[in-house]
Amino acid sequence: MNKQKRQEIFERFRAANPEPTTELEYSNNFQLLIAVLLSAQATDVSVNKAMQPVFATVKTAQDLVDMGLEDFTEAIKSIGLYKTKAKNALATAKILVDQYDGIVPNSREALESLPGVGRKTANVVLNTAFGQVAMAVDTHIFRVSNRTGVAKGKNVLEVEQRLLRLVPKEFLLDAHHWLILHGRYVCTARSPKCWQCGISDLCEFKDKQPSPAAKKRTTAKKTTKTQAKKQ
């Protein structure tokens, strides 16, 4: 994909959604960190549903420590891998209290040293909480980047590095959010909604999907031809 196409793609993303952000619900950096930690291999919707009552009272790392592992584990049991995530969240909260005065650090090294916080989680926090350029490549961004041709790569790190290098600088801060939302709602895994896609004419995906109505018309034509041959 050439520079002109990438430029136009992100200009369209920006025009459609000038201020993109995460769909996780939170009110401060600590809540964001915990929500992102819990969202691994789970949907934002499931995390929001479980954490809404928790975040009503748990607003700081000390609050989570005070809540305790047993009660927190019970509160998030609807989220996938909840037992492991609960242990990591409590351990992270304790470290924040003991080593960072309860404040979420704004460096990758510090974030990735926290239990349950990997590169992707750190990238989301750095980007969303601290306004740093970072690409948190999840399954959606990996798929969209490869499918459209924006930044092809064999693994998430390769895609992350290529996005940082290839996305025009003016779009780097928000690119992660645009790509994940596009993958979540338009460029879906099994049946991409190419007929609703605002960048379909720029996308280099070869097997673009027709609308359901167009599929019905094609099927009807094939049926008619088959019946005519039988007669």
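The following exchange concerns the fold, charges and selected contacts of a predicted model.

Me: How many helices and how many strands are there in the chain?
Reply: From the N terminus on, the elements run α-α-α-α-α-α-α-α-α-α-α-α. The count for this predicted model is therefore zero strands and 12 helices.

Me: Which residues does the UniProt annotation "domain: HhH-GPD" cover?
Reply: Within the annotated stretch the chain is 65% helix and 0% strand, and its end C-alpha atoms lie 21 Å apart. The annotation itself comes from an unreviewed UniProt entry, which assigns "domain: HhH-GPD" to residues 38-185.

Me: What percentage of the residues of the chain count as buried?
Reply: Taken along the principal axes, the C-alpha atoms fill a box of roughly 80 × 40 × 30 Å. The chain exposes about 12,800 Å², of which carbon and sulfur atoms supply 51%. A residue is classed as buried when its relative accessible area is under 20%. Of the 231 residues, the share that counts as buried is 42%.

Me: Among contacts between residues at least 6 apart in sequence, what percentage join residues at least 24 apart?
Reply: One pair that is distant in sequence is Phe-171 and Arg-14, which are 157 residues apart along the chain. For the chain, among contacts between residues at least 6 apart, the share joining residues at least 24 apart is 59%.

Me: How far apart do the centres of the positive and negative side chains lie?
Reply: The chain carries 35 positive and 23 negative side chains. Side chains of opposite charge can pair when their charged atoms come close. The structure holds 10 salt bridges. The centres of the two charged sets are separated by 16 Å.

Me: Which residue is linked with Glu-8 and Arg-12 in a network of salt bridges?
Reply: The side chains of Glu-8 and Arg-12 meet in a salt bridge at 2.9 Å, N to O. These two residues are four apart in helix 1 (residues 3-16), so about one helical turn separates them. Glu-8 is partly exposed at 29% relative accessibility, and Arg-12 is partly exposed at 27%. The network that contains both also includes Asp-201.

Me: Why does the salt bridge of Glu-23 and Arg-184 tie together parts that are apart in sequence, and how many residues separate them?
Reply: The closest N and O atoms of Glu-23 and Arg-184 are 2.6 Å apart. Glu-23 lies in the loop between helix 1 and helix 2 (29-38), whereas Arg-184 belongs to helix 11 (residues 172-185). Glu-23 is partly exposed at 31% relative accessibility, and Arg-184 is partly exposed at 21%. Because the partners occupy these two places, their pairing ties together parts separated in sequence by 161 residues.

Me: With which residue does Lys-77 form a salt bridge?
Reply: Lys-77 is partly exposed, with a relative accessibility of 49%. Its partner is partly exposed as well, at 48%. The closest N and O atoms of the pair are 2.7 Å apart, and the partner of Lys-77 is Glu-74.

Me: Is Phe-171 buried or exposed?
Reply: Phe-171 is found in the loop between helix 10 (156-166) and helix 11. Not counting residues up to four places away in sequence, Phe-171 touches Gln-7, Phe-10, Glu-11, Arg-14 and Trp-178. Its C-alpha atom is 8.2 Å from that of Arg-14. With a relative accessible area of 1%, Phe-171 is buried.

Notes. Residues numbered from 1 in each chain as written. Predicted model: local features only at pLDDT ≥ 70, side-chain atom pairs only at ≥ 80, totals over all residues. Heavy atoms only, no water. UniProt positions renumbered as here; feature names shortened; annotations may be inferred. Buried < 20%, exposed > 50% of the residue type's maximum accessible area, 1.4 Å probe, protein only. Contact = heavy atoms within 4.5 Å. Areas by Shrake-Rupley, 256 points an atom, 1.4 Å probe, with all protein chains shown as cover. Lys, Arg positive; Asp, Glu negative; His and termini not counted. Charge placed at Lys NZ, Arg CZ, Asp CG, Glu CD. Salt bridge = Lys/Arg side-chain N within 4 Å of Asp/Glu carboxyl O.
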